[in-house]
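The following exercises concern the packing of helices and the burial of residues. Please study the sequence and the model before reading each solution.

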Amino acid sequence: MNDYKKLVDDTLFFIAQKGWTINESSFYDSLAMFLSENLEMAYVLIDRISDKEGNVETITFVDSGVVKTNISYPLLNTPCENVVGKSLCVYTSNVQMLFPEDDMLAQMKAESYIGIPLWDSKGQAIGLIALLDTKPITNASEIETILQIVAVRVAHEIERNNFEQALIAKNKALERQNKELEQFTYIASHDLQEPLRTLTSINQLFQDEYKGRLDERGNTYLKFINESANRMQKLVKGLLDYSKIGKLGDLIEIDCNEVLREVLLDISLSIKENNAKIIIEDLPIVKGYRTELRQLFQNLIVNAMKFIDKDTAPEIDISAKELDQEWLFSIKDNGIGIDQKDKEKIFVIFKRLHNRNNYEGTGIGLSNCKKIAELHGGNIWVNSKLFEGSTFYFTITKTKNL
Ligand code: ADP
């Protein structure tokens with residue numbers, strides 16, 4: 001260590017550069033190697049607290065210029081016990097004599113020790129950096145300064161990694177819960193169909209057998225039961241379809257022009273009845289799930305024809321625009337429009353803005369659309385003003401592996 005100023009500069013340069021592009025372990029490993037070489041210390045350990053029982057684990061462990069397998073060890077009766085959550089400690093010589101119960105010191109033939117605690121941004125102890133050598137330390141104050149410089153950077157790195165790991169664990173838990181919820185929705189809606197079928201057929205039998213024997217009130221009650229059972233069947237079927245999205249079919253190249261032709265053919269009767277004018281611009285070929293994409297277009301077109309004043313003929317424009325990472329589709333209508341405050345709500349399952357007597361429906365269509373757009377790595381939203389028509393947008397990724 002002949003040029004102390006150069007060492008400080010090198011250290012600052014090291015911690016400023018490393019860790020941006022490389023992965024977690026190589027930052028710690030290369031830092032430990034750097035410290036070992038430049039401070040001439042045989043052992044460098046960067047440790048994080050592994051549990052509340054007073055154990056630590058190494059994130060990196062350099063022994064005579066070699067990165068060793070990580071270990072964990074108890075702090076009790078070691079010099080590190082005086083460092084973690086406390087303060088910088090220096091034992092320039094005779095460290096084994098001071099800590100006779102520390103076997104690791106004996107194995108390392110350690111003579112000297114210097115350790116600095118690591119704190120997170122909330123002031124909680126998260127670990128330490130410990131340097132040991134088989135010779136006494138003669139330049140303790142220089143080593144202290146270098147350790148003080150690197151400790152802050154290492155602590156931030158550990159804290160960031162801890163957050164990252166917590167986030168990954170949370171994401172995994174969320175994914176699992178989502179899967180369970182989907183499974184539950186599927187099973188519940190599937191199993192509900194059976195008693196519903198029985199209910200409607202018994203109701204039908206009852207109506208046939210007791211025809212003419214019921215008074216007007218009895219017939220009205222039966223009619224209500226029938227209507228409710230039918231509606232329940234629609235809801236349950238909708239829920240079942242919702243839970244099936246993305247489960248069947250392959251990811252393939254799809255010509256959206258072709259899909260639209262099929263959709264228009266399927267709903268041609270309704271287009272005719274509503275006297276609807278649908279203009280479709282040239283659409284792209286995308287990678288996606290055919291049945292789902294078809295359903296997405298169909299839902300949006302059917303809604304555009306449905307949510308309109310009775311004496312207005314629907315005019316619907318469908319187009320697509322290529323963006324950097326995705327395709328942006330738009331479906332513009334001249335319907336009743338949507339209030340600003342309801343723009344998010346409408347994509348929630350079973351949410352409807354209108355009375356069933358005015359506009360028939362289950363409130364599942366747009367939540368299907370949302371799920372389908374997300375299945376294609378995209379999103380869906382609406383731009384609209386009440387009474388001024390709506391434009392629904394959805395995106396389909398071009399890059400993501402679905
Ligand atoms: P449903 O069509 O069965 O009611 P959706 O999930 O498709 O269910 O739509 C949810 C609600 O969003 C509708 O009830 C309606 O209030 C509103 N909505 C959907 N599409 C349009 C549209 N093109 N114009 C105006 N309102 C719409």
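A residue counts as buried when its relative accessible area is under 20%, and as exposed when that area is over 50%. The model used here is predicted.

**Exercise 1.** Determine whether N257 is buried or exposed, and describe its surroundings.

*Solution.* Begin with the location: N257 belongs to helix α7, which spans residues 256-266. Next, compare its accessibility with the cut-off: the relative accessibility of N257 is 18%, and therefore N257 counts as buried. Then examine its partners. The side chain of N257 forms a polar contact of 2.9 Å with the side chain of D255. Leaving aside residues up to four places away in sequence, N257 touches E281, D282 and L283.

**Exercise 2.** Describe how helix α5 is arranged relative to helix α6.

*Solution.* Two packed helices are described by the angle and the distance between their axes. The axes of α5 (residues 140-209) and α6 (residues 216-244) come within 8 Å and cross at roughly 155°. Because of this angle, α5 is roughly antiparallel to α6. The crossing of α5 past α6 is left-handed. Sorted by class, their contact comprises twelve nonpolar, eleven polar and four charged residues.

**Exercise 3.** Identify which residues of helix α10 are buried and what they pack against.

*Solution.* First, list the residues: within α10 (residues 365-375), L366, S367, N368, C369, K371, I372 and A373 are buried. Second, find their neighbours: the buried residues of α10 pack against α5, α6, α9 (290-306), β13 (380-384) and β14 (390-397). Finally, inspect the backbone just after α10, where G377 adopts a positive phi of about 70°.

Terms used
Residues numbered from 1 in each chain as written. Predicted model: local features only at pLDDT ≥ 70, side-chain atom pairs only at ≥ 80, totals over all residues. Heavy atoms only, no water. Axes fitted to C-alpha atoms, helices over the stretch in contact; angles between N-to-C directions. Helix = DSSP H or I, 4+ residues; strand = E, 2+ residues; numbered from the N terminus. Parallel < 35°, antiparallel > 145°, perpendicular 65-115°, else oblique. Left-handed = near helix turned anticlockwise from the far one by under 90°. Nonpolar A, V, L, I, M, F, W, Y, C, P; charged D, E, K, R; others polar. Buried < 20%, exposed > 50% of the residue type's maximum accessible area, 1.4 Å probe, protein only. Polar contact = N/O pair within 3.5 Å; in protein donor to acceptor, adjacent residues only side chain to side chain. Contact = heavy atoms within 4.5 Å.
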